[in-house]
Amino acid sequence: MTTVPVSPASSAPPAAAAATSAPAAVQPVGYWTWVAHQTVVRHLRGALAGIDLTQPQWWVLKDIAAEHAPRTRAELQNRLAAHLDAGPEEIGRAIDALTARAWLSTDEAGRVRATDAGRAATRRAVDVLQRVRAEIHAGVPEEDYATTLDVLRRMIRNLGGQAELYP
């Protein structure tokens, strides 16, 4: 029987520690993508919390900032819930919270728009997320990052999944 020492300060379970000694080509992609997802999302949400913003609130602000034709509440909920890890109710709560802060308003046609305060919050979030991206990408050449995404998207397509960011 082989044992794998794990230091008390390590947050990696013994299976993860054992997997790091195996050749990379046989390690479980599901495990490592899950660990990467958990780690990145936790870091990102912590950074956004520093400017009093949740990730679903950021998704709403980002979508509104990117749109030339504003969406209604229902359109935002359907679009964002369709490809993000949130249901329409969570997106609705984000819209409500941003509206209560006066970062969003709704026009007479029911389209949701960012206010001046909402646009300022979006700029702050972009600054924070640029810093987070630099932290995540430290020591990772852009070509390695691009290759990693290409491989992951190929694996997703191999399994019949949606491999585009915005379908």
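This briefing walks through the main features of one protein chain, from its overall fold down to single residues. The model is predicted. Its chain has 167 residues, of which 26% count as buried. The secondary structure comes to seven helices and two strands, and a good way in is to follow these elements from the N terminus.

**Overall layout**

- Reading from the N terminus, you meet the elements in the order α-α-α-α-α-β-β-α-α.
- The pair of strands in that order follows five helices, and two further helices come after the strands.
- Contacts can also link parts of the chain that lie far from each other in sequence: among contacts with a separation of 6 or more, 50% are between residues 24 or more positions apart.

**The nonpolar core**

- The largest nonpolar core of the chain has 25 residues.
- Which residues have the most contacts inside this core? They are Leu 53, Trp 58, Val 60, Leu 61 and Leu 104.
- Several elements give two or more residues to the core: the helices α2 (29-49), α3 (55-66), α4 (73-83), α5 and α6 (116-137), together with the strand β2 (112-114).
- Trp 58 is a good residue to click on, with a list of partners beyond its sequence neighbours: leaving out residues up to four places away, Trp 58 touches Leu 48, Leu 53, Thr 122, Ala 125, Val 126 and Leu 129.

**Where α3 meets α5**

- Helices α3 and α5 pack with their axes 9 Å apart, at an angle of about 75°.
- An angle from 65 to 115 degrees counts as roughly perpendicular, so α3 and α5 are roughly perpendicular to each other.
- On the α3 side, the contact is made by Pro 56, Gln 57, Trp 59, Val 60 and Leu 61.
- On the α5 side, the residues are Glu 90, Ile 91, Ala 94, Ile 95, Ala 97 and Leu 98.
- Val 60 therefore turns up twice in this briefing: it is named among the core residues with the most contacts, and it belongs to the contact between α3 and α5, where the two helices are roughly perpendicular.

**A closer look at Gly 92**

- Gly 92 sits in helix α5, which spans residues 88-100.
- Is Gly 92 buried or exposed? Its relative accessible area is 4%, so Gly 92 is buried, as values under 20% count that way.
- Apart from neighbours within four places in sequence, Gly 92 is in contact with Arg 73 and Gln 77.
- Gly 92 and Val 60 are 32 residues apart along the chain, and their C-alpha atoms are separated by 9.4 Å.

**Aromatic rings and charges**

- To describe a pair of aromatic rings, you give the distance of the centres and the angle of the planes.
- There are two aromatic pairs here.
- In one of them, the rings of Tyr 31 and Trp 32 have centres 4.8 Å apart and planes at 80°, so this pair is edge-to-face.
- Tyr 31 also pairs with Trp 34, in a tilted arrangement with 6.2 Å from centre to centre and 45° between the planes.
- Tyr 31 and Trp 34 are three residues apart in helix α2, which means about one helical turn separates them.
- Tyr 31, Trp 32 and Trp 34 form one aromatic cluster.
- Tyr 31 is partly exposed at 23% relative accessibility, and Trp 32 is partly exposed at 28%.
- Two arginines lie over ring faces: Arg 101 over Trp 103, at 4.5 Å from the ring centre, and Arg 133 over Tyr 145, at 5.6 Å.

**Backbone points to look up**

- Most residues other than glycine have a negative phi.
- Asp 52 has a positive phi, near 60°. Asp 52 lies in the loop between α2 and α3, and counts as exposed at 51% relative accessibility.
- Ala 102 also has a positive phi, of about 70°. Where is Ala 102 placed? Ala 102 is in the loop between α5 and β1 (104-106), and counts as partly exposed at 44% relative accessibility.

**Asp 116 and Leu 104**

- Asp 116 belongs to helix α6 and counts as exposed, at 58% relative accessibility.
- The C-alpha atoms of Asp 116 and Leu 104 are separated by 8.8 Å, with their positions 12 residues apart along the chain.

Technical notes
Residues numbered from 1 in each chain as written. Predicted model: local features only at pLDDT ≥ 70, side-chain atom pairs only at ≥ 80, totals over all residues. Heavy atoms only, no water. Helix = DSSP H or I, 4+ residues; strand = E, 2+ residues; numbered from the N terminus. Buried < 20%, exposed > 50% of the residue type's maximum accessible area, 1.4 Å probe, protein only. Contact = heavy atoms within 4.5 Å. Core = buried A, V, L, I, M, F, W, Y, C linked by side-chain atoms within 4.5 Å. Phe/Tyr/Trp six-rings, centres within 6.5 Å; stacked < 30°, edge-to-face > 60°. Lys NZ or Arg CZ within 6 Å of the ring centre and 35° of its normal. Axes fitted to C-alpha atoms, helices over the stretch in contact; angles between N-to-C directions. Parallel < 35°, antiparallel > 145°, perpendicular 65-115°, else oblique.
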